[in-house]
Amino acid sequence: MKPRSLPPLNNATLFPALTIVVGIPSSGRREIVSAVIPDLARQNRKPDQLLICAPASDDVDMAALANLPFPVQFIKSEPGLCRQRNAIIDAVPNADIILFLDDDFLLAPTYIAELESLFLRNPDVDVTTGTVLADGATGPGIPVDEGLALLRDAHTPAENLSIRETYSGYGCNMAVRMSTVHICRLRFDEKLPFYGWLEDVDFSRVVSRFGRVVVSPHLLGVHLGTKTGRMSGLRLGYSQIANPIYLVGKRSMTWRHALTQMTRNLASNAIRVWRPEPWVDRLGRLKGNLLAISDFLRGRLSPQNIQGID
């Protein structure tokens, strides 16, 4: 006799949905926020909430985001990338996942759906980052229309491609499992002020003590690398030396990685200062590098010193 099909006793599913919050720190980039963030409406799986954190209400045109098909909240914080990321964490204590995005990062329409699947199927993963199809941060920047076209033309990754472990998430698109953050009382290090150079490396290496940090070929995006609202060349140059040395002292970066990072930046600034790119303050960065080296030799190096220089 053929068995009868019984109705389910509840509405539970094999893989219950996660609460996924998109958190975007921003400052002084009102126009790019209005141009980029509405594109989140194209996600096949919408975020459960969007939080935008900025130092001033004028940094965000909330009217431009009023028609998004999910809740949008603005929270105010003192300036500084790490402070703003921490303010986002504190504002959504019940979130399962926070996807931290730069305000100039565009997602493929399947990004959040793929993200949810990844975290559900890999309970040992605590941080994941996506595959950046194009990164305007390494050049003059990518216009919004061009970024959207790159996503439209992108090939769908093969199903058999798998996640792999990586040294660090990339801060422009980095998702974090919040249960680990809460249990281990993790925060972004606010001693890395302003742009928080290497804050993503520091956070990832701390999290890696508790779970895996991975990159996924199925999480596709484009980083526009918009140049407005960035830190001064002098401050960034100082951070390029001060922050890696500070992270070595915290044991969230090895001397090998720190020396590689510092040597690459110092060499690039010294060589290109003679023919600088129009969008890069190479002279300011080089001066900042040398100032940090001088402070190191005198025993007074600290990432927070950039708060006293222009």
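How many aromatic pairs does the structure hold? The structure holds two aromatic pairs, and since you are looking at a predicted model, everything on this tour describes that prediction.

**First stop: the aromatic rings**

Begin by selecting Phe100 and Phe188 and showing their side chains. The centres of these two rings are 5.5 Å apart and their planes stand at 85 degrees, so the pair is edge-to-face, because planes over 60 degrees apart are counted in that way. If you colour the chain by sequence position, you can see that this pair links distant parts of it, for Phe100 belongs to strand S4 while Phe188 sits in the loop between H5 and H6, 88 residues apart. Phe100 is buried, with a relative accessible area of 0%, and Phe188 also counts as buried, at 3% relative accessibility.

Now keep Phe188 on the screen and add Phe203 to the selection. Here the ring centres of Phe188 and Phe203 are 4.0 Å apart and the planes meet at 10 degrees, so the pair is stacked. Because Phe188 lies in the loop between H5 and H6 and Phe203 in helix H6, this pair ties together parts that are 15 residues apart in sequence. Phe203 is buried as well, with a relative accessible area of 3%. With Phe100, Phe188 and Phe203 displayed together, you have one aromatic cluster in view.

**Second stop: the nonpolar cores**

In soluble globular proteins, nonpolar side chains tend to be buried together. Which residues touch the most other members of the largest nonpolar core? In this core of 41 residues, they are Ile98 and Phe203. Several elements each supply at least two residues of the core, including strand S2 (49-54), helix H2 (81-91), strand S4 (97-101) and helix H8 (255-272). The largest share, eight residues, comes from H7. Another core lies apart from this one, made of 29 residues, and to find it you can select Ile37, Leu68, Phe70 and Leu99, which are among its members.

Next, centre the view on Ile98 and show what surrounds it. Setting aside residues up to four places away in sequence, Ile98 touches Val21, Gly23, Ile88, Ile89, Val92, Met174, Ala175, Val176 and Met178.

**Third stop: Asn173 and Leu236**

Select Asn173, which is found in strand S8. Is Asn173 buried or exposed? Asn173 is buried, because its relative accessible area is 0% and the cut-off for buried is under 20%. When residues up to four places away in sequence are not counted, Asn173 touches Phe100, Leu101, Phe105, Tyr111, Thr128, Thr129, Gly130 and Val132, so that Phe100 from the first stop comes into view again.

From there, move to helix H7 (residues 233-250) and pick out Leu236 within it. Leu236 is buried, with a relative accessible area of 10%. Leaving aside its neighbours within four places in sequence, Leu236 is in contact with Trp197, Met231 and Arg285. You can also draw a distance from the C-alpha of Leu236 to that of Gly288, since these two residues are 52 apart in sequence and 7.0 Å apart in space.

**Fourth stop: the empty spaces**

Rolling a probe the size of a water molecule over the atoms shows where empty space is left. The structure holds one cavity of 30 Å³ or more, and the largest cavity has a volume of about 70 Å³. To outline this cavity, select its lining residues, which are Ile24, Val36, Ile37, Asp39, Leu40, Gln43, Leu101, Asp102, Asp103, Phe105, Leu106 and Leu107. Strand S5 (residues 105-107) gives the most to this lining, with three residues. If you colour the lining of the largest cavity by class, you will find eight nonpolar, one polar and three charged residues.

Finish at the second largest pocket, in which about 260 Å³ of space lies. Where is its centre to be found? A useful selection is Ala108, Pro109, Thr110, Thr156 and Leu220, which lie nearest the centre among the 16 residues lining this pocket. Helix H4 (144-153) and strand S9 (212-223) each supply at least two residues of the lining, and H4 provides the largest share, with three residues. Coloured by class, the lining of this second largest pocket has seven nonpolar, four polar and five charged residues.

Conventions
Residues are numbered from 1 along each chain as its sequence is written. This is a predicted model: local features need pLDDT of at least 70, side-chain atom pairs count only at pLDDT 80 or more; totals for chains, interfaces and linings use all residues. Side-chain values use heavy atoms; hydrogens and water are left out. On a 1 Å grid over the protein atoms alone, a cavity is a set of points where a 1.4 Å probe fits but cannot get out, and a pocket is an open set with protein on both sides within 12 Å along at least five of seven lines; lining residues have an atom within 4 Å of a point. Grid points are joined across faces, edges and corners, and a volume is the space filled by probe spheres set on the points. Helices (H or I, at least four residues) and strands (E, at least two) are DSSP runs, numbered from the N terminus. Ala, Val, Leu, Ile, Met, Phe, Trp, Tyr, Cys and Pro count as nonpolar, Asp, Glu, Lys and Arg as charged, and the others, Gly among them, as polar. Buried means under 20% relative accessible area, exposed over 50%, partly exposed in between (1.4 Å probe, protein chains only). Contact means heavy atoms within 4.5 Å. A nonpolar core is a set of buried Ala, Val, Leu, Ile, Met, Phe, Trp, Tyr and Cys residues joined through side-chain atoms within 4.5 Å. Rings of Phe, Tyr and Trp (its six-membered ring) pair if their centres lie within 6.5 Å; planes under 30 degrees apart count as stacked, over 60 as edge-to-face and the rest as tilted.
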